[in-house]
Amino acid sequence: MSISSTTIHWFLACKASDVPHNGGVCVKYGEEQIALFYFARKDQWYATQNLCPHRKQMALSRGMTGTVKDEPKVACPFHKKTFSLLDGRCLSDEGECALTVYPVRVTDGLVYIGVSEETAMVAV
Amino acid sequence: MKIVVIGNGMVGYKFCEKLLAKSAKTSVELVVFGEEPRPAYDRVHLTSWFEGKTGDELLMASTEWYAQQGIRLHLADPVTAIDREKKTVQAHSGILETYDYLVLATGSAAFVPPIPGVEKKGVFLYRTIEDLEMMTAYALHARTGTVIGGGLLGLEAAKALLDLGMTNIHVVEFAPRLMPRQIDDKGSLLLQEKLGQLGLKVLTSKNTKKITGEDHITGLQFTDDTFLKTDMLVISAGIKPRDELAKAAGLETGPRGGIVVNDQLQTSDSSIYAIGECALYQNMIYGLVAPGYEMAEVVAAHLSSEIKAFTGFDMSTRLKLVGVEVASFGDPFSPAGNCHSIVFEDRLKGIYKRIDITPDGQQLLGGILIGEASAYNMLLQTVKNKLALPPDPATLLMGPPKEGTPAGAGVDALPDEALICSCESVSKGAICEAVTAGHESFDEIKKCTKAGTCCGGCAPMVKDIIATTLKSQGKYIRNVICEHFTYSRQEMLDLIRIKSLRSFDEVLDHYGQGDGCEICKPAVASILASLWNDMILAKGNDTAQDSNDRYLANIQKGGTYSVVPRIPGGEITPEKLIAIGEVAQKYNLYTKITGGQRIDLFGAHLSDLPLIWKELIDAGFESGHAYGKALRTVKSCVGSTWCRFGLHDSVSYAIRIEERYRGLRAPHKIKSAVSGCIRECAEAQSKDFGIIATEKGWNLYVCGNGGSKPQHAVLLAADLDSETCIRYIDRFLMFYIKTADPLTRTATWLNKLDGGIDYLRNVVVQDSLGIGAQLEGEMQALVDSYKCEWREVVENPELRRRFSHFINSPEEKDPTVKFETLRNQKKAAEWK
Ligand code: SRM
Ligand SMILES: Cc1cc2nc3c(=O)[nH]c(=O)nc-3n(C[C@H](O)[C@H](O)[C@H](O)COP(=O)(O)OP(=O)(O)OC[C@H]3O[C@@H](n4cnc5c(N)ncnc54)[C@H](O)[C@@H]3O)c2cc1C
Ligand code: SF4
Ligand code: FES
């Protein structure tokens with residue numbers, strides 16, 4: 001077992017009520033774009049980079065969410081490549097790059113996304 | 001053990017794959033030399049390059065694969081000499097490699113007959129991707145094309161010329177008929193007729209004397225003193241094995257070329273093997289990929305100390321030549337007297353089938369299928385496994401077997417050893433085993449057995465085997481939507497209607513599991529829209545819409561959207577044209593006249609969409625539903641108001657039709673057109689439903705489409721008055737909406753419909769199911785509840801909020817969106 005030493009910086013993304021049920025929105029964080037998804041049926045939140053690695057399109061937040069064998073995923077609106085929201089790996093094409101995923105926390109109706117300290121330093 | 005492979009074509013590649021599968025990676029050192037600049041690619045599907053497949057997509061494996069397997073791959077580096085004494089090969093680049101065993105997989109080259117003038121510009125061969133690139137460049141300045149050679153490769157080349165947009169294409173064949181080695185006279189003649197209908201002219205018994213032209217080809221001079229003008233020429237008159245290297249090294253070659261090999265594929269030097277199209281086995285060159293793969297298997301086995309021998313290979317093939325199916329199996333030329341032939345011919349449909357059976361009627365010897373070959377797999381298996389024939393063997397030929405009910409004995413009757421995928425040599429037993437082990441879909445079977453991954457010809461049979469195996473385990477496969485709903489679309493529609501469900505979540509609660517996905521969400525959303533016509537972005541249903549429907553616009557390269565206002569029938573006033581121009585100017589949009597008689601405005605930022613729509617709505621426009629699986633355009637010709645031939649006012653009727661069905665959501669998009677006379681300027685016969693004026697009224701055609709598999713519409717009813725015509729369209733569309741599978745256009749739906757157009761005509765015109773009035777009523781309800789979706793967004797602040805890129809910075813546009821300039825307008829920046 002290893003203990004990660006990176007510190008996570010939590011920033012306020014938006015209100016929980018801003019995010020459509022079973023869909024996504026795009027959150028701006030410095031120069032970065034993060035896609036945030038809400039699975040209302042299970043009350044679960046996920047966040048990934050907004051950039052689809054396939055053709056480098058800023059679009060994942062506009063993709064359709066869903067599950068495959070209970071694993072949450074999102075389909076890019078461009079060519080429907082699908083990515084796991086748990087670990088970001090591409091589910092439809094083994095050769096495709098994986099997404100960066102971010103932890104999400106919801107307190108008092110506010111959504112926070114966790115970025116590791118390094119990212120935070122670059123971004124702020 | 002060090003093995004050097006010369007030639008990185010399909011067979012050379014397959015050898016590497018098979019050898020590595022058999023031996024521990026560490027025990028062999030594998031070095032491959034290839035003359036072509038890219039690693040092995042799928043030559044069999046070369047022609048699909050013209051249909052948009054890229055070189056990369058055709059690759060058998062990427063260069064990374066070779067690296068991962070520890071193979072040293074030298075590309076664009078032909079071997080120039082073999083030293084058998086020292087056991088070394090010398091490559092063009094100067095690289096010298098020693099070997100323990102050498103495998104020659106040098107393939108073949110196109111055979112070029114010695115016709116004076118073959119060196120002229122505009123004369124091409126058809127074998128490599130580079131050949132295709134050169135043809136494409138030259139075709140820009142050429143209009144007419146010719147192919148020398150009427151065999152399989154020649155017809156592939158002719159298809160390429162068609163795809164390149166050449167006209168007046170001729171195929172010149174020396175023999176008195178096409179494909180003389182594969183099919184018989186009658187079959188040949190029928191094929192020739194079919195190709196003629198597709199615009200290919202076939203000249204047989206023609207001997208080319210010379211190719212004319214100064215520097216560039218201008219035409220062909222034949223020995224019978226006739227002349228054919230042409231701008232480009234592809235020579236495809238046969239193949240010539242690449243044995244030059246072997247010959248120079250003193251290996252035995254055949255008098256007409258080819259490296260002589262024994263049952264183990266060894267050449268006259270036992271440490272050198274030859275496989276694929278360069279090998280001459282028992283005086284035979286096998287010009288197909290499956291025997292080459294079998295040879296690769298035998299050598300890989302031999303080098304891994306397994307016992308296996310090559311004993312010849314069946315030359316049965318099933319091909320699609322210029323869209324015409326052609327198959328021959330077993331021995332297609334059994335001598336008369338030793339067999340009894342059954343022939344089925346339908347000149348009208350262009351179908352010819354012949355099977356030869358033993359005089360006692362017990363066994364199938366071989367045969368030919370042209371125009372319709374769905375029985376091929378089953379017939380081939382019947383020959384190969386000497387299956388008993390049905391009491392009346394003619395039933396093997398009669399009509400296309402219905403999907404899922406194979407002719408003859410069916411896959412059940414096949415023994416486990418039956419070879420189903422001959423490219424990858426996968427037996428029926430292996431497929432059944434994999435299914436039993438839990439690989440229950442075609443995709444999974446492809447992954448774990450490789451069956452169906454090469455030419456794909458066995459796909460229907462593999463699917464049948466999966467189905468019957470599952471069935472034998474008591475599992476029934478149904479045409480279900482996806483893992484979340486175990487119902488067909490038609491069943492779902494009925495369930496949702498009966499329970500009056502109105503949102504995706506309700507449907508999921510009642511009939512599904514999990515959270516849905518990108519397949520079932522749009523399918524259910526479309527059913528809901530077809531049933532209730534609620535605003536599609538109503539809460540809960542918005543995120544179930546396909547991405548384009550969710551933003552009521554098509555997403556385009558770079559992440560901006562296009563805006564297509566409805567312009568019914570293509571008719572527009574100058575005022576409205578000006579309004580479109582002003583909006584485009586204000587929001588800096590690229591404008592283009594579409595192929596659907598309207599105007600598309602491209603490059604709109606997400607947050608500008610509601611603003612643009614508002615201005616368009618104020619000028620009298622509404623959504624054109626260019627993003628939806630819904631009615632798109634009803635094109636019209638100018639008709640009797642201006643045209644001297646016009647019989648009726650096609651524009652008014654087109655507008656009436658478009659306004660009636662606007663916004664109608666369906667399993668797939670629907671297009672229509674109205675022509676004012678039989679000259680058909682609106683192309684109504686290529687539409688889901690099309691209307692053509694006659695002296696007495698309107699002819700209604702249905703189930704046509706353009707797209708990648710164009711199909712002409714068929715006449716449903718003739719000489720209708722305007723009201724009846726609309727009633728029939730109501731019934732037709734509603735029946736389609738209720739019964740089609742998701743994402744199935746009307747043409748594909750009709751092709752699968754039991755009973756075909758006759759059944760459809762019975763339902764729509766004769767009202768044989770007694771549901772005519774109900775269908776009309778349901779359609780009227782949809783027509784009455786139509787609302788413009790754009791307007792609803794513009795007027796609803798809650799919905800409008802969804803149209804911004806950043807949730808935490810709504811005013812800001814996506815800063816990564818980039819444009820370039822082209823002909824004074826903007827265009828999306830290239831993909832990265
Ligand atoms: C704009 C236009 C091309 C043009 O510049 O002329 C166009 C553009 C697109 N077509 Fe098309 N098609 C256009 C006329 C056609 C036509 C011609 C016609 O309608 O007369 C056809 C062949 C006729 C037919 O459909 O039967 C056509 C066959 C397709 C197909 C293949 C459909 C098929 O059944 O095989 C697709 C793919 C699909 O729908 O799944 C497609 C899909 C597309 C999409 C939506 C692809 C996409 O998702 O980005 C394109 C984007 C449109 C946009 O506005 O951003 N487009 N497309 C034409 C818009 C017509 C209009 O006013 O609405
Ligand atoms: C348009 C077209 C359509 C076809 N359709 C079908 C079909 O439908 N069904 C079917 O079964 N078959 C079809 N074929 C035939 C099939 O493609 C061949 O049987 C198959 O490619 C043979 O594989 P191979 O590896 O033996 O030869 P190739 O694929 O020709 O590969 C040989 C390779 O060796 C290289 N080489 C030669 N000499 C040297 C050297 N000295 N050093 C290094 N490299 C060298 C060549 O450049 C080439 O890359 C088709 C072929 C064409 C061209
Ligand atoms: S507009 Fe139609 S034909 Fe043209 S590239 Fe897009 S989908 Fe293909
Ligand atoms: S850009 Fe995302 S799938 Fe192609």
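The following exchange concerns a predicted model and the reasons behind the terms applied to it.

Author: Local features in this predicted model need pLDDT of at least 70, side-chain atom pairs count only at pLDDT 80 or more, and totals for chains, interfaces and linings use all residues. Residues are numbered from 1 along each chain as its sequence is written, chains are lettered from A and ligands numbered from 1 in the order in which they are written, and side-chain values use heavy atoms, with hydrogens and water left out.

Reader: Why does Cys681(B) count as exposed?

Author: Exposed means over 50% relative accessible area, buried under 20%, and partly exposed in between (1.4 Å probe, protein chains only). Cys681(B) has 62% relative accessibility and therefore counts as exposed. This residue lies in the loop between strand E33 (670-675) and strand E34 (689-693) of chain B; helices (H or I, at least four residues) and strands (E, at least two) are DSSP runs, numbered from the N terminus. An unreviewed UniProt entry places the feature "binding site" at Cys681(B); UniProt positions are given in the numbering used here, feature names are shortened, and annotations may be inferred rather than shown by experiment.

Reader: What makes Thr54(B) partly exposed?

Author: Its relative accessibility is 38%, so Thr54(B) falls in the partly exposed class. Thr54(B) is placed in the loop between strand E2 (29-33) and helix H2 (55-58) of chain B.

Reader: Why is Ser84(A) called buried or exposed?

Author: Ser84(A) counts as buried because its relative accessibility is 0%. Ser84(A) belongs to strand E9 (residues 82-84) of chain A. Apart from residues up to four places away in sequence, Ser84(A) touches Glu71(A), Pro72(A), Lys73(A), Arg89(A) and Leu91(A), where contact means heavy atoms within 4.5 Å.

Reader: What makes the pair of Arg801(B) and Asp18(A) a salt bridge?

Author: A salt bridge is a side-chain nitrogen of Lys or Arg within 4 Å of a carboxyl oxygen of Asp or Glu. In this pair the closest N and O atoms are 3.6 Å apart, and the criterion is met. The pair crosses between chains, with Arg801(B) in the loop between helix H25 (797-800) and strand E37 (819-822) of chain B, and Asp18(A) in the loop between E1 and E2 of chain A. Arg801(B) is partly exposed because its relative accessible area is 42%, whereas Asp18(A), at 11%, is buried.

Reader: How many salt bridges link chain A and chain B?

Author: The count between the two chains is seven. Among them is Lys80(A) with Asp546(B), whose closest N and O atoms are 3.0 Å apart.

Reader: Why are Lys14(B) and Glu17(B) separated by about one helical turn?

Author: Both residues lie in helix H1 (residues 10-22) of chain B and are three residues apart, which means a separation of about one helical turn. They form a salt bridge with closest N and O atoms 3.2 Å apart, and both are buried.

Reader: How do you know that Asp730(B) and Arg660(B) form a salt bridge?

Author: The N to O value for their side chains is 2.8 Å. The pair links distant parts of the chain, 70 residues apart: Asp730(B) is in helix H20 (residues 722-739) and Arg660(B) in helix H19 (residues 650-661) of chain B. Both residues are buried.
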